[in-house]
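Trainee: Got a minute? I'd like to go through this one with you.
Mentor: Sure. Put it up.

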Amino acid sequence: MPEVDKEGKDFCLKVPAKNDGFFLKGSNSLDWGMKNRLARIFNPESGRTVMLAIDHGYFQGPTTGLERIDVKVLPFAPYADTLMLTRGILRSQVPPSYIKSIVLRASGGPSILKELSNEQIAMDMEDALRLNACALAVQVFIGGEYETQSVHNMTRLIDMGMRYGMPILAVTAVGKDMARDARYFRLACRICAELGAAYVKTYYIPDGFETVTASCPVPIVMAGGKKIPEIDALTMAHNAVQQGASGVDMGRNIFQSESPEAMIQAVGAVVHENLSPQHAHEMYLDLKTKGRT
Ligand code: R5P
């Protein structure tokens, strides 16, 4: 039987209680569990994240570079802060000993053969908690054919997420024929934030991206888009974070790179250490060469 503790004596009367704000933009009024999940996605030191998006199969099947997740992606996945994927790939391919944070794709329905904006909620909050996810991602098609339905998917997930402390990432999906300009992205990102998304994923645009981040009250992560040369992808990531993005959520520009392992480390240096695109590209080439020897 342990001795009963005597009453404490050292109350540190001269040390004021800490009352720090949370490090992420617009997130201070969230609950502890939600903040804790966000702090596993965003590095509290840099305030930024490198998310590796490998969820493309949910509407387009085995995408180039993702044919075998176990062989082609898992070897470099630990360099990401967060893995963004479907629950099917998580359960079937990723070992539970992988301890980096997970963001799960939570909307889906149509394939590339159909109207993509016609999505529904594609997973239950209970399963997301069972899988220890740190956020759920939902596609929002502002201006798309099923705009309202996709916004409603997001708000329903946000309500469920609020109940359990699960952040919702709104992904702004742009239709083929829609203008990709600052005005559009300001509109799309702001709608997602106003309706309660914890953070928003959107595309980089060369003109006015800083107005997109400034007018969105919650963090924005930059989507990668189609494969471009490594130096251009590193420049885009650099510009995005310098213009207010809280990191990146990149897929093809990492897993379709000639050296995904080198590329993800170079992206990480741009995002977390503010490395210039030129230096990051040198780092990429150097790591790529070392990887071959
Ligand atoms: C697309 O809808 C998926 O959600 C991807 O996660 C997203 O497009 C990011 O991948 P990428 O950088 O290849 O565009």
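Trainee: Which pocket is the space taken by the ligand?
Mentor: The largest pocket. A pocket here is an open set of points on a 1 Å grid over the protein atoms alone, where a 1.4 Å probe fits, with protein on both sides within 12 Å along at least five of seven lines.

Trainee: What sort of model is this?
Mentor: A predicted model: local features need pLDDT of at least 70, side-chain atom pairs count only at pLDDT 80 or more, and totals for chains, interfaces and linings use all residues. Residues are numbered from 1 along each chain as its sequence is written, and side-chain values use heavy atoms, with hydrogens and water left out.

Trainee: Which residues are around the ligand?
Mentor: Among them are Asp-55, His-56, Phe-59, Gln-139 and Met-250. To be listed, a residue needs a heavy atom within 4 Å of the ligand.

Trainee: And by class, what does the shell hold?
Mentor: 3 nonpolar, 5 polar and 4 charged residues. Asp, Glu, Lys and Arg count as charged; Ala, Val, Leu, Ile, Met, Phe, Trp, Tyr, Cys and Pro as nonpolar; the others, Gly among them, as polar.

Trainee: How far is the Arg-105 side chain from a ligand oxygen?
Mentor: An N or O atom of that side chain is 2.8 Å from the oxygen. The cut-off for a polar contact is a pair of N or O atoms within 3.5 Å. Lys-201 has a polar side-chain atom 3.1 Å from a ligand oxygen. Gly-224 uses a backbone N or O atom, at 3.3 Å.

Trainee: New topic. How many aromatic pairs?
Mentor: The count is 6. Rings of Phe, Tyr and Trp (its six-membered ring) pair if their centres lie within 6.5 Å.

Trainee: What about Phe-42 and Tyr-199?
Mentor: Their centres are 5.0 Å apart and the planes stand at 75°, so the pair is edge-to-face (over 60 degrees).

Trainee: Any odd backbone angles? Where is Asn-132?
Mentor: Asn-132 has a positive phi of about 60°, though not a glycine. Asn-132 sits in the loop between helix 5 (125–130) and strand 6 (135–140).

Notes:
Polar contact = N/O pair within 3.5 Å; in protein donor to acceptor, adjacent residues only side chain to side chain. 1 Å grid on protein atoms, 1.4 Å probe; cavity = no way out; pocket = protein on both sides within 12 Å on 5 of 7 lines; lining within 4 Å. Sits in = over half its atoms within 2 Å of the grid points. Phe/Tyr/Trp six-rings, centres within 6.5 Å; stacked < 30°, edge-to-face > 60°. Helix = DSSP H or I, 4+ residues; strand = E, 2+ residues; numbered from the N terminus.
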